[in-house]
Amino acid sequence: MQPPVLSPYQSLMAATPVVHRSVQVDGRTTHYWVYGPADAEQTVLAVHGFRGDHHGLETIAAHLRGVRVIVPDLPGFGVSDPLPVSDIDSYVGWLRGFHAALGLGRDTVVLGHSFGSIVVAATVAAGLDTRLLVLVNPIAAPALQGPRAVGTGIAIGYYRAGALLPKPLGLGLLRNPVIVRAMSVAMLKSHDRDLRRWVHDQHDRYFSAFANRTSVLEAFRTSVTHDVSEYADRIGVPVLMIAAEHDDITAVPEQQALAARLRDAELVVIPQVGHLVHYETPDVAAAAVLRRMADTPVGRGGKAKATRASKAAKPSGAAS
């Protein structure tokens with residue numbers, strides 16, 4: 001593989017302390033990365049999306065200045081061991097075990113991006129306590145219903161074929177660079193050439209780092225058969241939703257409907273961006289998280305409120 005494309009956030013990343021660690025959760029190894037000062041007064045536990053690994057959230061972590069940010073590789077992705085079965089109950093059990101193994105408490109903010117939003121929402125609904133739940137590009141509505149149902153069905157067929165074909169052919173299909181690039185192009189909205197090259201390079205490098213064909217198929221099924229709205233009525237903690245104006249996975253009206261169902265929610269919509277907020281506008285997302293962490297908690301049972309974030313002209317820490 002070619003040398004990595006230079007990140008537009010290189011200066012900020014270089015100034016951010018990072019430590020790689022691992023921990024046993026139910027007898028399986030979870031690898032995780034800790035960004036920011038070790039003695040920080042505030043901690044965020046961040047869970048990445050489907051087929052990614054910790055690299056996807058490290059730019060948001062770096063923009064959360066002064067905060068300790070813990071980003072694990074989901075089981076079966078990156079270098080973490082896979083689960084016996086990659087269903088939602090297993091992910092919930094893993095996240096609760098990981099949270100406990102690290103000795104985290106209610107003061108730790110829990111954040112999830114995309115598929116990670118489903119995992120963290122389900123876990124909080126199951127009893128994991130946090131002072132703030134942050135959902136970035138949340139999956140707010142069922143993928144098997146509405147206008148995305150046909151596309152979801154095609155994707156299910158793709159992952160099923162990857163699992164059923166002879167191993168070399170199946171892995172070749174699942175890791176096909178043309179298909180990975182097509183996914184990247186479809187999600188990326190920025191017209192900045194340097195940013196686009198970097199995002200595509202990130203997907204080329206990390207979007208196929210899954211443990212085996214079975215776990216990625218099961219994880220995909222889990223991602224399309226569950227969504228955050230399924231857990232809305234059981235989430236009693238304050239929620240910050242960071243959505244995108246042009247998200248092709250979940251549209252703004254669906255995000256608004258989810259925010260209205262949550263007991264205590266704030267919806268921030270970032271303009272001119274899609275499902276890759278964590279790559280395209282991590283500074284704007286992090287600013288919303290830092291502001292919400294500093295705010296006095298909204299009274300429980302209050303009405304959801306919506307705001308529109310301003311997209312920065314240039315990401316902080318970007319190369320000139």
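**Notebook: fold and main pocket**

I started with burial: 55% of the 320 residues in the protein are buried (under 20% relative accessible area, 1.4 Å probe, protein chains only). I'm working from a predicted model, where local features need pLDDT of at least 70, side-chain atom pairs count only at pLDDT 80 or more, and totals for chains, interfaces and linings use all residues. Numbering runs from 1 along each chain as its sequence is written, and side-chain values use heavy atoms, with hydrogens and water left out.

Next, overall shape. The radius of gyration (over C-alpha atoms) is 18 Å, which agrees with the value near 20 Å for a compact globule of 320 residues (rule: 2.2 Å times the number of residues to the power 0.38). I noted a C-alpha trace spanning about 55 × 45 × 40 Å along the principal axes.

Then the pocket. I get about 1,000 Å³ for the largest one (an open set of 1 Å grid points where a 1.4 Å probe fits, with protein on both sides within 12 Å along at least five of seven lines; the volume is the space filled by probe spheres set on the points). Its lining has 42 residues, and F50, M183, M187, F220 and I249 are the closest to the centre (lining means an atom within 4 Å of a point).

Who supplies the lining? I found α5 (149–164), α7 (177–187), α8 (193–206), α9 (213–225) and α11 (277–280) each giving at least two residues (helices are DSSP runs of H or I, at least four residues). α5 gives the most, with six.

How values were computed
Buried means under 20% relative accessible area, exposed over 50%, partly exposed in between (1.4 Å probe, protein chains only).
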